[in-house]
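Here are my notes on the model, point by point. Have it open beside you while you read.

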Amino acid sequence: MQVVKNKSTDDAAPREDEITPSLLPIRREDFGYTQARHLLWRAGFGGTDAQINKLVSWGPDKSVDTLLGFVDAAKRGGTGEFDPIKPDQFDKDIMRPLTEDERREQRRAQQAQDEDTLAKFREERQSRERLDRTQVGEMQKWWLTRMIETRHPMQEKLTLFWHGHFATNYRTIENSYHMFMQNQLLRNEAAGNFGVMLAGIIRDPAMIAYLDNNDSRKGQANENLAREIMELFALGLGNYSEDDIKEGAKALTGYTFEDDTFVFRKTNHDNSAKNILGQTGTWDGDDFVKIILSKKACARYIMRRMYHFLVADVPPDERGGDKNLDGAQQKVLRELGDMLYSRKYNLQPVLRRLLLSKHFYDETIMGQQIKSPVQLVVGAVRSLNTPVRDLTILNDALDLMGQRIFFPPSVKGWDGGRTWMNTSTLFVRQNILAFLIAGKKPQGFDASANTDRFDTDALFAGVPEDSLVAKRDPAAVAMHLLKLSLGSAPDHGVAALQAFMKSRENKIDQDTLTGCLLLITAMPEYQLC
Amino acid sequence: MTNAAFTRRSLIKHGLLMASASVAIPAFLDRSALAMGEMLGDLSSVPGVPDEHVLVVVQMSGGNDGLNTVVPAFSPEYYRLRQGIAIADKEALSLDKKQGIGLHPALTGVKDLFDAGLVSLIQGVGYPNPNRSHFKSMDVWHTADVTATGNGWLGRYFDAECCGEGKGESGTPESNSQAGPPGIAIGRTAPLAMEGGVIKPVAFEDPSLFKWSAGEMDKNLASAYDELNRRDDMIAGGAVPSKKKQTNAEFLVRTSLDAQVSSDLIRKAVAKKPVTTFPQTDLGRQLSMVASMIKAGLKTRVYYTSFGSFDTHAGQGGTNGRHAQLLKQFGDAMKAFYTELKAQGNDSRVMTMNFSEFGRRVGQNASQGTDHGTAAPMMLFGPMVRAGVMNEHPSMRDLDEGDLKFTMDFRNVYAGVLGQWLKADANKVLDGKFKAMDVLKG
């Protein structure tokens, strides 16, 4: 079977009259501050005043191409020329299996009931597990830093999407390096080819361990991986039967790993004929993936998941379908899904179409998404230029807000949308912003509060040097800060900020501006992007 | 900018309360809630005690070993399969001589309450085709649905009551004599059990963190913050026809409003410590806060606490050890809780329900621990409960692949608690007919 070609296919663009009207590209004159700001938030983690203005001057095409530029950079040199990932970034041997010698020694100790030696092995194991937990903590900080600093925010944003899509929890697999390897796979294909990614996933040690495929053998096929590929990773409910899962599980038998390397164990593989989604043959795991990719339902399902993440967090209906979307949205999804299919699962051209479409900048879309915790924290640093202060505290806050990276709550990933919000998480959200902006902790201040102060000048980077009004007039300042932080300047916000500035005798200094930002980031609207 | 930005009148003006059948602004959002917050005194004598019923849930997370909680001392199989961790007959605190069962010796607190007629011990509780995943089985208990889908059972109760559809006595929009959100969970996240389609629970772990931290930096900041978060102007502009149509922006304004109001009430309430000394344990701390909130007269109907972990796969211990410590924490905290409630004069208002997502296997494993099992006892507390040992102990011989067979579906208990104690329509809330167990004194 030859369904997927890895080669990027760059067909001529479809004729305009074939496109759903709302998927027609946004006109350059309609691409202003609000639209550019929206693009930066959704395709990345927001941008500064200067970056927003830059995109406006570029217009939509150049802006989108720049954001998606990492795909070509990745093709040239691994994961992108600007942000190389060192192969020795993390220790790959912490959780390595025992060597032949060590295993022999352990066996001998077991037979001889040599308790001292066995205790030594136990302690060694426990100390490795401790080290590995430390390493996964370092990895969280590393990824958070990368999201904050990268010149390719969309690559990290999409990697985060795939992390929630192919959700794997460190707590189950207890191997930080495998999480790192999976993270690399997701990053490499973030806007590359979904087929390549899916073929990579069935060979990914972290996923194989997480869904128990390492225990799957002929006659005792474990259905976990086959089930989740069909239900959550590639097809969605209603597009397969229980028998397809059983047969798919047989195809995946023998797909396992040794240390950090994928291994196909022929002796454990079920070589019998299987009927998967109506196709019969002696399929193996790679055939299983190809058969799934040959279904249009797969492309549509992937598009739906990406749309949910990037465009509108409308939860799927009870059957996992699109009933909660309006007619226009369903049409857009169908067309983009079909495009992904005809482009042989290459994501870049489809994402380009989406990010340039009128639909993406519709009023019902802009400013209506609830920020994920990562989006909130990384976005605050990237758009407001706040100090980072303490990555450990940021990580803890992400956990409290319900998004601990490398620890998604289940194989379903994060539900997102309104499930992020309750009265408790709302305060954490407001308070982590107060921490970033002012170094304020629930009790007292962080040590960095005085040494690393929030640079309020950068908030006006897009304002011309000589525009004293914009920097000195309370009303103009309020409008500017609100537009930058919220995308719009609602009346109640302007009034509250003006009242606050007045209480400080309209002295627009660093403290006043810091106070204004504390207030804006505690507004309900700040949770949206 | 008006200060009284979210008066009942303004909510009605914007069509929110008018649409209460489908949208339902809970009573605690009323402006009077804040006013009441100022007035709430100690409700320490019976004449001042409101008669609304309260349910407190104590969840044992991780799968409590029911067989070492209520010990089947009658069973030779128990001692044969649990050499090393079994509780000897003479160690157990005898509950029922005829049945030959007793409590784990660490549960002296529960035994005292039992002897005082405050405990209903329901044996063999479970559900069909038990799931042995913590995650899944906990969801089954939280949703009261064996497929573990949908909203939480207490959330559905709030939804039904708040919207004027139920016949129960909680949180109808017009009853505003006291204040407080309908459900409060102690913990960093609200449990699924309390998630309704319309009503969302309030959750907090540490009351000192349950507020905007920057408010204390500058009083002008604090007052501006109040203005920005206590308002309904964003909801203005028309009725919200149903929760599906509510925009994210409107949803966030609602959540902010809930948070601000609850924050004030809850922090004020828990600042007043109970007169009883509670044990310095996780559960002791949680129940002490619940006692304070009940004393402060919050109109909250359900409080949710949880502690653990009861996932004792290795080195569980017998009369002493890890499991014993957890049980002691439970018993001592429960005893302090009811001692305090009695001193407040609130004990007859408060029923407590205890459960875990599953029990553990009958036979111990090779690590002196126990693995995930099925049926286990549940306990109800309070002077109103039908005291004593309810239901038969599940057979120790007729096992299902080494696991106990449940003899009581937990939803029969839920149905009793909902219908008899919370006066709700249990069939509606549970979305099915479950024969209600008699949970109250006859």
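1. A word on domains before anything else: the domain bounds used here come from an automatic or database domain assignment. On that basis chain A is divided into domain 1, residues 373-454, and domain 2, residues 457-527. Keep in mind throughout that this is a predicted model.

2. How do the two domains of chain A meet? Their C-alpha centres lie 22 Å apart. At the contact, 11 residues of domain 1 of chain A touch 8 residues of domain 2 of chain A. On the domain 1 side, helix α20 of chain A (residues 423-438) gives the most, with 6 residues. That same side of domain 1 of chain A divides into 7 nonpolar, 2 polar and 2 charged residues.

3. Overall scores next. The model has an ipTM of 0.89 and a pTM of 0.81. For chain B the mean pLDDT is 82, and 81% of its residues reach 70 or more. Two stretches of chain B deserve a flag: over residues 1-48 the pLDDT is below 50, although this stretch has 99 contacts in the model beyond near neighbours in sequence. Residues 164-178 of chain B are also below 50 and have 44 such contacts. I'd leave the details of both alone, because predicted coordinates should not be read in detail where pLDDT is low.

4. Now the overall build of chain A. It has 25 helices and 4 strands. Is its radius of gyration close to or far from what the globule rule gives? The radius of gyration of chain A is 25 Å, close to the 24 Å that the rule gives for 529 residues, so the chain is as compact as a globular protein of that length. Taken along the principal axes, the C-alpha atoms of chain A fill a box of roughly 80 × 70 × 45 Å. Buried residues make up 48% of the 529 residues in chain A. Of the contacts in chain A with a separation of 6 or more, 72% are between residues 24 or more positions apart.

5. For a local example in chain A, try Val311(A). You'll find Val311(A) in the loop between α15 (296-310) and α16 (327-342) of chain A. Buried or exposed? Val311(A) counts as buried because 22 C-beta neighbours fall inside 10 Å, and the cut-off for a buried residue is 20 or more. Not counting residues up to four places away in sequence, Val311(A) touches Phe360(A) and Ile365(A). Leu355(A) is 44 residues from Val311(A) along the chain, yet their C-alpha atoms are separated by 9.2 Å.

6. On to the interface between the chains. Here 38 residues of chain B are in contact with 35 residues of chain A. On the chain B side, the elements that give two or more residues are β7 (202-204), α7 (219-229) and α8 (248-271). Which element gives the largest share of that side? The answer is α8(B), with 10 residues. By class, the side of chain B that touches chain A has 20 nonpolar, 10 polar and 8 charged residues.

7. Chain B also has a small piece of sheet to look at. Three strands form an open sheet in the order β2-β4-β3 (chain B), with antiparallel pairing. Why is one side of β2(B) and of β3(B) left without a neighbour in the sheet? Both β2 (70-71) and β3 (93-96) of chain B stand at the edges and have a single partner strand each, so one side of each stays unpaired there. Between β3(B) and β4(B) (residues 101-103) there are 3 bridges, in the antiparallel sense. One of the residues to pick out is Asp96(B), whose bridge partner in β4(B) is Ile101(B). These two strands, β3(B) and β4(B), form a hairpin with 4 residues between them, and Gly100(B) in the turn has a positive phi of about 75°.

8. Last, a loop residue in chain B. Asn391(B) sits between β11 (388-390) and β12 (408-409) of chain B. With 18 other C-beta atoms within 10 Å, Asn391(B) is partly exposed. Leaving aside neighbours within four places in sequence, Asn391(B) is in contact with Ile122(B), Gln123(B), Gly124(B), Thr407(B) and Met408(B). Met408(B) is 17 residues from Asn391(B) along the chain, and their C-alpha atoms are separated by 7.6 Å.

Methods. Residues are numbered from 1 along each chain as its sequence is written. Chains are lettered from A and ligands numbered from 1 in the order in which they are written. This is a predicted model: local features need pLDDT of at least 70, side-chain atom pairs count only at pLDDT 80 or more; totals for chains, interfaces and linings use all residues. Two residues are in contact if their C-beta atoms, placed from the backbone, lie within 7 Å. Ala, Val, Leu, Ile, Met, Phe, Trp, Tyr, Cys and Pro count as nonpolar, Asp, Glu, Lys and Arg as charged, and the others, Gly among them, as polar. A residue is buried if 20 or more other C-beta atoms lie within 10 Å of its own, exposed if 12 or fewer, and partly exposed in between; C-beta atoms are placed from the backbone. Two strands pair if DSSP finds at least two bridges between them. pLDDT is the predictor's confidence in each residue, from 0 to 100. The radius of gyration is taken over C-alpha atoms; the globule rule is 2.2 Å times the number of residues to the power 0.38.
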